[in-house]
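Thanks for coming. I will put the sequence and the structure on the screen, and then walk through a few parts of the fold.

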Amino acid sequence: MNTLSERTLGSAARETREALKQAPVTILQIGEGNFLRGFVDWMIHACRAQGLYEGSIAVTQPRPAGKAKIDQLAMQDGVYTLVTQGLENGAEVSRKETIQVFSTVFDPYSEWERLREIAISPDLQVVVSNTTEAGLVYRPEELTDGPILSYPGKLAYLLHERFHAFQGDPGKGLVLLPCELLERNGDALKEAVLRYAEDWQFPEAFKTWVVAHNRFLNSLVDRIVTGYPDEARAEAWFAEWGYRDAMLCTAEPYHLWAIEAEPEMEALLPLRKAGLNVHWTDDLKPYQQRKVRILNGAHTWMSPIGILHGVEHVRELLEHPVLGAEVRRTVLEEIVPSLPYDADELRGYAASVFDRFGNPYIRHRLADIAMNSISKFNARLLPSIRDYGESGRPIPQGLVLSLAGLLRYYRIEKQADGSYAGRSLSGVPYAVRDDARLLDRMAGHWERQDSEQRELGDIVSGLLADAELWGTNMSVWHDLSGSVSREIERMERGDRDV
């Protein structure tokens, strides 16, 4: 069976492909993963299909580890299949689309100069990214002639090259649209870029140009993109379609993109005109907090706890007689009351979230959600815990359980290949993917229990006091260390009857 590529397209799709290859690169995309392909790229595809957008996208991966996926996408000429499945206005839908938006697919670590050439192109208008919450964090880095590792560092360098190429032309600034699930993500990206500019002694005129003539837009994305389906489903589709697609992606019908900018931005990105659920707004905070702390908070609650208990998918956990009831109760009784918005509206939103989690077509792997769980926890669940802790109130049971599950999930050991792995409550090994520095810190805390024969309570207190992990000292909050320790002990003993 052939693999999907330009050669396997039908005649109409080939015409679209030829037009795309001639289109100018107007969007640079940093991120090859499932989410951007099932969200932003699908949106640009919809705009192009309606004749509303003439540009194309150049896509690269943010980290060297993404090379295999970017190479596969390049082998398929940037073409991939998106299947949208779920409930839409109460009716089941299943739609298959061949997405064509990438005119350029490449590895920036082996083709650094190619990335630079795109960055200084007069056609370029927008940079979109999804590098996970950890990807927007500033970390000191040397400026060299070769590839820069961090995304904000790359962007600082590329903007500096663009500034020089156009001699500081105010009209050559870019629109930066980060999709990372970090509050005020545009502001965070701008701050990191300016810190690199300071480190690397870029001129003041450049910094002024960055601030005055580039738009770092805060935005919020909301869509469950589940990526590659289970093998049985994928193979059945391939047999039906007559081709294979290693970049096959699945997603739910629901989508929301709230962007903090004036409606006139439609002239640059005609997303609402294409009928998409996109909102240009002057106040992103209600969208942000509701989504991050309820939907994403529930996901981050589920993933470590579910993996520890041998649960593989979101829907499976939601249907679990104990864990499913507990995550619902945590959201409705502990997270919703911590938010400063209308309680009835929040409960209605939470109900819609759990309906989406129960989508019968979606098999959202908890192992995928668990990637970079520390930064996700800090953005999604820690704010709710902080609301209780800083007011002197006891941390509620469900939020305590979320923290206990996270710490137990990160009881990890370094493997021979340098990766880290933990073991579930029944002893089944699992890989843990996160920032190497944070993994080292977590492993170091847990190693002390074995090497120094320290009590669990001491280990937990040390973990919660580690501001390098959380940005704050959680050990001072109302018996949180004791509550978390007792919860971990209950999990280890199997007292939760799960």
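How many bridges join strand 4 to strand 5, and in which sense do the two run? Nine bridges join them, and the two strands run antiparallel. Before I go further, please keep in mind that this is a predicted model.

Let me stay with strand 4 for a moment. Strand 4 covers residues 80-88, and seven of its nine residues are buried. Its antiparallel partner, strand 5, is residues 91-99. If you want one pair to find on the screen, Leu 82 stands opposite Glu 97 in strand 5. Strand 4 also pairs with strand 13, residues 249-251, this time in the parallel sense and over three bridges. There, Val 83 is opposite Thr 250 in strand 13. As a reminder, strands of a sheet pair through backbone hydrogen bonds, either parallel or antiparallel. Strand 4 takes part in both kinds: antiparallel with strand 5, parallel with strand 13.

Now the overall picture. The protein has 21 helices and 18 strands. For 498 residues, a compact globule would be expected to have a radius of gyration near 23 Å, and the protein has 23 Å, so the two agree. The C-alpha trace spans about 65 × 55 × 50 Å along its principal axes. Buried residues account for 56% of the 498. Of the contacts with a separation of 6 or more, 74% are between residues 24 or more positions apart.

On the surface, the accessible area comes to about 20,400 Å², and 48% of it belongs to carbon and sulfur atoms. As for charge, there are 55 positive and 73 negative charges, and their mean positions are 2 Å apart.

Next, the open sheet. What is the order of its six strands? The order is 6-3-2-7-8-9, and the pairing is parallel. The edges are strand 6, residues 102-105, and strand 9, residues 215-216, each of which pairs on one side only. At the strand 6 end, the neighbour is strand 3, residues 56-60, which pairs with strand 6 in the parallel sense over three bridges. A pair to look for here is Ile 57, which stands opposite Phe 102 in strand 6.

Strand 10, residues 219-222, is another one to look at. In a regular strand the side chains alternate between the two faces of the sheet. In strand 10, Ser 219 and Val 221 are on one side, Leu 220 and Asp 222 are on the other, and all of them are buried, so both faces are covered. Four bridges join strand 10 to strand 14, residues 256-260, and these two run antiparallel. Leu 220 is opposite Ala 258 in strand 14.

Now some single residues, beginning with two that have a positive phi. Gln 167 has a phi near 50 degrees, and Gln 167 is not a glycine. Gln 167 sits in the loop between helix 6, residues 151-165, and strand 8, residues 175-178. Is Gln 167 buried or exposed? Its relative accessible area is 76%, so Gln 167 is exposed.

The other is Asn 372, with a positive phi of about 55 degrees, again in a residue that is not a glycine. Asn 372 lies in the loop between helix 14, residues 366-369, and helix 15. Here the relative accessibility is 6%, so Asn 372 counts as buried.

Helix 15 itself is residues 373-380, and Ser 375 is in it. Ser 375 has a relative accessible area of 13%, and therefore counts as buried. Leaving aside residues up to four places away in sequence, Ser 375 touches Glu 133 and Ala 134. To relate Ser 375 to strand 4, take Glu 88: the two are 287 residues apart in sequence and 32 Å apart in space, C-alpha to C-alpha.

Last, Arg 290, in helix 10, which is residues 285-308. Arg 290 has 25% relative accessibility, so it counts as partly exposed. With the same exclusion of residues up to four places away, Arg 290 touches Leu 295, Leu 346 and Tyr 349. Arg 290 and Ala 367 are 77 residues apart in sequence, and their C-alpha atoms are 24 Å apart in space.

That is what I have for today.

Notes:
Residues are numbered from 1 along each chain as its sequence is written. This is a predicted model: local features need pLDDT of at least 70, side-chain atom pairs count only at pLDDT 80 or more; totals for chains, interfaces and linings use all residues. Side-chain values use heavy atoms; hydrogens and water are left out. The radius of gyration is taken over C-alpha atoms; the globule rule is 2.2 Å times the number of residues to the power 0.38. Buried means under 20% relative accessible area, exposed over 50%, partly exposed in between (1.4 Å probe, protein chains only). Contact means heavy atoms within 4.5 Å. Accessible areas come from the Shrake-Rupley method with a 1.4 Å probe; for residues, only the protein chains shown count as cover. Lys and Arg count as positive and Asp and Glu as negative; His and the chain ends are not counted. The place of a charge is taken as NZ of Lys, CZ of Arg, CG of Asp or CD of Glu. Two strands pair if DSSP finds at least two bridges between them.
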